[in-house]
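Student: I would like to learn how aromatic contacts are read from a set of coordinates. Could we work through an example together?

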Amino acid sequence: MLNRHSFHHRKTKEFATKLIHRDSALSPYYNPNATIKDHAMHTLKTSMARLAYLGAKSNVFVTDDTRAGLVGEDNGAQFMASFSIGEPPVPQLLTVDTGSNLLWVQCLPCTKCFEQATPIFDPSKSSTYTTLQCNSPYCTISPSDKCDPSNNCKFSHKYLDGTDVAGLLGTEKFTLDTSDEGISPVANVVFGCAHDNDGYNGQPSGILGLGPSNISLATQLGSKFSYCIGSIKDPKYPHNQLILGDGAKIEGLSTPLEVYNDLYYLTLEGISLSERRLEIDPEIFKRTPSGTGGTVFDSGTTLSFLAKGAYDVLSAEVQKLMDGKLETVEEPDIPSALCYKGIISQDLVGFPDVVLNFADGAELGLDIESLFQEYGQNEFCMALQDSPVGNDLNVVGIMAQQFYNVAYDLAANKVYFQRIDCELLDD
């Protein structure tokens, strides 16, 4: 008898969806009165919280039912994806996160639910919804308490920011915008139907996890996905996109990908400035045998972070280039950050790119928009910051990935970088 929840023989194709910037007019977070400083403070707060999460997740092996994570306002994520679930289809808005695995949405009936911008999904009204049974190979989220009295598979997530979500795993039809056919449904996607949710301070319906486990949407739709991010500071940029499945744009130079504690790690070998490799001990970028340190590649962190030994060298070189040209300022919120008076687009014309050099020759070039962030009307700070004492993690955040198409091939354990205007990828 055919297992209806087997995905190994699903014909993969291209599924693409536009990514909605957190500050876009299409976003439930949109605030037309927010200042540059408001955006900078949110970025700082969420990036620091995200760094703490990644540090905890990389250093400590935790079971799935108690896995630390971040959602809502504190997850640092900048982008959301919109698609529909069920039959008839109900629109949903989900935060995209490569640092978590499960795709979950709020579901009726609610024991407790948070406010969201779109209608809460009611599985009893959908003709295509089925609960997942306990004997399914996907029933691994809550191994200590995984079955309800009807033998349905339970799940729960406890997050660092105080959020708890719990419910049942099920399968359902998801409808995404595709770049080749307009609208295309995906049948029998495993997802979490969350009925008891507390502490989520957000408007999206839930989380779209793109981690490496078998329950991630990325692996359910094949082993490839790609995303292209344009200017972070331009919330009106319309060409940010996510592609899942065989249609992922696999272009450019590749570098080896390693999965550890369900996070994506890359081998960062060095940092260059003005086409000169800086004198940084490459051991600073490597994960230790005990699991600390290393370089995490993450879509949920806006800023990037370097272990102190690397940050100090880069910071000193940037200061040399700025010396005598711009006045330094101290920000009490980020006392260790390198900040200057000035306007990025006017005062940094001709500033050389900082290049992150990865194994096998792949590179990420950070121009002034990726390297610096506005912090006020006439002030900016370096968007690469030092990891706090006790956290030796290096994190490449989404700001460093803007102006690139980034592609993951999980079967080949590779990540590809291609610098490109995302508009050129639109069909």
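Tutor: Let us begin with burial, since we shall need the term: a residue counts as buried when its relative accessible area is under 20%. Please keep in mind that this is a predicted model.

Student: How should a pair of aromatic rings be described, and how many aromatic pairs does the structure hold?

Tutor: A pair of aromatic rings is described by the distance of the centres and the angle of the planes. The structure holds 16 aromatic pairs. In one of them, Phe297 and Phe417 lie 5.5 Å apart, centre to centre, with 40° between the planes, and the pair is tilted. This pair links distant parts of the chain, 120 residues apart, with Phe297 in strand β16 (residues 295-297) and Phe417 in strand β27 (residues 414-419).

Student: Are Phe297 and Phe417 buried or exposed?

Tutor: Both Phe297 and Phe417 are buried. For an edge-to-face case, take Phe372 and Phe380, whose centres are 5.4 Å apart and whose planes are at 80°.

Student: Why does Phe372 count as buried, and what is the relative accessible area of Phe380?

Tutor: Phe372 counts as buried because its relative accessibility is 1%, and Phe380 is buried with a relative accessible area of 0%.

Student: Which residues do ring pairs link into a cluster?

Tutor: The cluster consists of Phe225, Tyr227, Tyr264, Phe297, Phe358, Tyr408 and Phe417, linked by ring pairs.

Student: Where does the charged end of Arg287 sit?

Tutor: The charged end of Arg287 sits over the ring of Tyr265, 4.9 Å from its centre, and Arg287 also lies over the face of Tyr260, at 3.9 Å from the ring centre.

Methods. Residues are numbered from 1 along each chain as its sequence is written. This is a predicted model: local features need pLDDT of at least 70, side-chain atom pairs count only at pLDDT 80 or more; totals for chains, interfaces and linings use all residues. Side-chain values use heavy atoms; hydrogens and water are left out. Rings of Phe, Tyr and Trp (its six-membered ring) pair if their centres lie within 6.5 Å; planes under 30 degrees apart count as stacked, over 60 as edge-to-face and the rest as tilted. Helices (H or I, at least four residues) and strands (E, at least two) are DSSP runs, numbered from the N terminus. Buried means under 20% relative accessible area, exposed over 50%, partly exposed in between (1.4 Å probe, protein chains only). A charge sits over a ring if NZ of Lys or CZ of Arg is within 6 Å of the ring centre and within 35 degrees of the ring normal.
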